[in-house]
Each structure stands twice: as C-alpha cells, then as structure tokens.
Amino acid sequence: RSFSTLYVYENDKIVKIKPESTIISISIVRDELLVSTLKNGVFHYEHAELQPFINAEGIKNKKIVDIIEKPQGYLIATALNGLYNYINGELLPINSEISVLIKQHQLNVFTQLDNGNMAFGTIKNGIYYTNSRGDVLFHLSKEEGLFNNTVLNQFVFKENLWLSLDNGVALIDLNGDYAFF
C-alpha cells in the first residue's frame, strides 16, 4: 500500500484501488482486510472494491493506527486521539491510563498479545506495556535505556517483544526481568 493507493494481489493479478481519502493504516481482522482512511472512515475489501465498514462521524479526521476485534465489538487505536470501542455502530472513547498517554506521545504501532496485554509503541516516548484494561504495567523510553523514543514497528516472537527503533532494535523479554537494547 501507499498513502494514496491500495494494491491487492488476487487471482494472479494486481488490483489497484484508489480511495477518495488518504490511506492511514491497514488492519486484518478475522481474515478481512480493513482500510482506514483519514477523511472517510474505515472500509473493508470485498470483490476488488472498498466497502464502507465504519464511517461514524467521530472517527473521521483521526489517524487510526490499528483495529482489533474484541468480544463486544472492535478496539480502535488512534495516533493522537486515544482509544475507542466500536460497538453496534457506536463509537465510544475509552477512558484509560494508556488512552491519555498516547494522546500526549503519538501512537505509532499497536499490538495485542495472546494473553490480552497490549504494547503501544510511540513516536515521542518509547513503549508502554499495559494489561487488557489499559493500565500501564511498564514503560520503556530513552531514559530507561532505549536508543531513542521512536518505535517504528514491533512484534512478539516466543514471549519476546521486538522493537524496531529509529536507531536500532530492542528486545524485551516479557516473562523476565531484562530488556536488551
């Protein structure tokens, strides 16, 4: 994908889709491709087209970083506007510790682990690791030893959280007492 065009390889050909608004992120939920745009909400890819999925007024002009499925609906993580639940067509802000923090430090990447805990990589202040309610369990930034505060990407592999930073990589053992930068 680019910010202006979605490219899908399907049936031995590349399908090119150009939405009316800037593409902010792409999420995969239940094997469904969700495309978040800046001005027109969220779409799902179906039959070589983007179909409206979430177009609640409150979500427009917010940079959606990721969408995950929850038992009651969807959790929407935004770069500067915190977290939202999307339940039965209604967009509800989540009042949690992490929601306040990501508004201040600009969320860049979000991951939910199998145990329900969540990792929030920011542009300005490293990583926040929370429980499923959004209560911060720990925070790591440049002050604690990361090479810098910009988390570009992250993924979990064998109980380790790997971070790609502006200046290097970091490994956090989620079951141990150590993090390696």
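This report describes the nonpolar cores, aromatic pairs, salt bridges and a few single residues of a predicted model.

**The nonpolar cores**

A convenient place to begin is the inside of the protein, and a general tendency helps to frame it. In soluble globular proteins, nonpolar side chains tend to be buried together. In this model the largest nonpolar core has 15 residues, and the members that touch the most other members are Leu75, Leu83, Ile98, Ile102, Leu107, Phe110 and Phe120. Several elements contribute to this core, with at least two residues coming from each of β7 (64-70), β8, α1, β11 and β12. The largest share, three residues, is supplied by α1. A second, separate core is made of 14 residues, including Val109, Leu140, Leu161 and Ile172.

Phenylalanine 120 deserves a closer look within the largest core. Its relative accessible area is 0%, and because buried means under 20%, phenylalanine 120 counts as buried. If neighbours within four places in sequence are left aside, phenylalanine 120 is in contact with Leu83, Ile98, Ile102, Leu107, Val109, Phe110, Gly126, Ile127, Tyr128, Thr130 and Gln154.

**Aromatic pairs**

A pair of aromatic rings is described by the distance of the centres and the angle of the planes. The whole structure holds three aromatic pairs. One of them joins phenylalanine 53 and tyrosine 74 in an edge-to-face arrangement, with 5.5 Å from centre to centre and 80° between the planes. This pair links distant parts of the chain, since phenylalanine 53 belongs to strand β6 (residues 49-54) and tyrosine 74 to strand β8 (residues 73-78), with their positions 21 residues apart in sequence. Phenylalanine 53 is partly exposed at a relative accessible area of 23%, whereas tyrosine 74 is buried at 12%.

Another of these pairs is formed by phenylalanine 110 and phenylalanine 120, and it is tilted, with the centres 5.0 Å apart and the planes at 45°. Here too distant parts of the chain are linked, as phenylalanine 110 sits in strand β11 and phenylalanine 120 in strand β12 (residues 118-122), ten residues apart. Phenylalanine 110 is buried, with a relative accessibility of 5%, and phenylalanine 120 is buried as well, at 0%.

**Salt bridges**

How many salt bridges does the model contain? The count comes to three, and they are listed in the table with the separation of their N and O atoms.

| Residue | Partner | N to O distance |
|---|---|---|
| Glutamate 69 | Arginine 30 | 2.8 Å |
| Lysine 60 | Glutamate 57 | 3.3 Å |
| Arginine 133 | Aspartate 135 | 3.1 Å |

The salt bridge of glutamate 69 with arginine 30 connects distant parts of the chain, with glutamate 69 in strand β7 and arginine 30 in the loop between β3 and β4, 39 residues apart. Glutamate 69 is partly exposed, with a relative accessible area of 38%, while arginine 30 is exposed at 53%. In the salt bridge of lysine 60 with glutamate 57, lysine 60 is partly exposed at 24% relative accessibility and glutamate 57 is exposed at 62%. Finally, arginine 133 is exposed at 59%, and its partner aspartate 135 is partly exposed at 28%.

**Surface and loops**

On the surface, Tyr7, Tyr9 and Ile14 make a nonpolar patch of about 380 Å². Isoleucine 14 lies in strand β2 (residues 13-17), and because its relative accessibility of 59% is over 50%, isoleucine 14 counts as exposed.

Two residues have a positive phi although neither is a glycine, namely aspartate 31, at about 60°, and glutamine 106, at about 55°. Aspartate 31 is in the loop between β3 (23-29) and β4 (32-37), and it is exposed at 79% relative accessibility. Glutamine 106 is in the loop between α1 (97-105) and β11 (107-112), where it is partly exposed at 23%.

A last loop, between β15 (151-157) and β16 (160-165), holds glutamate 159, which is partly exposed at 45% relative accessibility. Not counting residues up to four places away in sequence, glutamate 159 touches Ile172, Asp173, Leu174 and Asn175. Glutamate 159 and aspartate 114 are 45 residues apart in sequence, and their C-alpha atoms are 9.9 Å apart in space.

Conventions. Residues numbered from 1 in each chain as written. Predicted model: local features only at pLDDT ≥ 70, side-chain atom pairs only at ≥ 80, totals over all residues. Heavy atoms only, no water. Helix = DSSP H or I, 4+ residues; strand = E, 2+ residues; numbered from the N terminus. Buried < 20%, exposed > 50% of the residue type's maximum accessible area, 1.4 Å probe, protein only. Phe/Tyr/Trp six-rings, centres within 6.5 Å; stacked < 30°, edge-to-face > 60°. Patch = residues over 30% accessible without salt bridge, like charges linked within 9 Å, V, L, I, M, F, W, Y side chains within 5 Å. Areas by Shrake-Rupley, 256 points an atom, 1.4 Å probe, with all protein chains shown as cover. Salt bridge = Lys/Arg side-chain N within 4 Å of Asp/Glu carboxyl O. Core = buried A, V, L, I, M, F, W, Y, C linked by side-chain atoms within 4.5 Å. Contact = heavy atoms within 4.5 Å.
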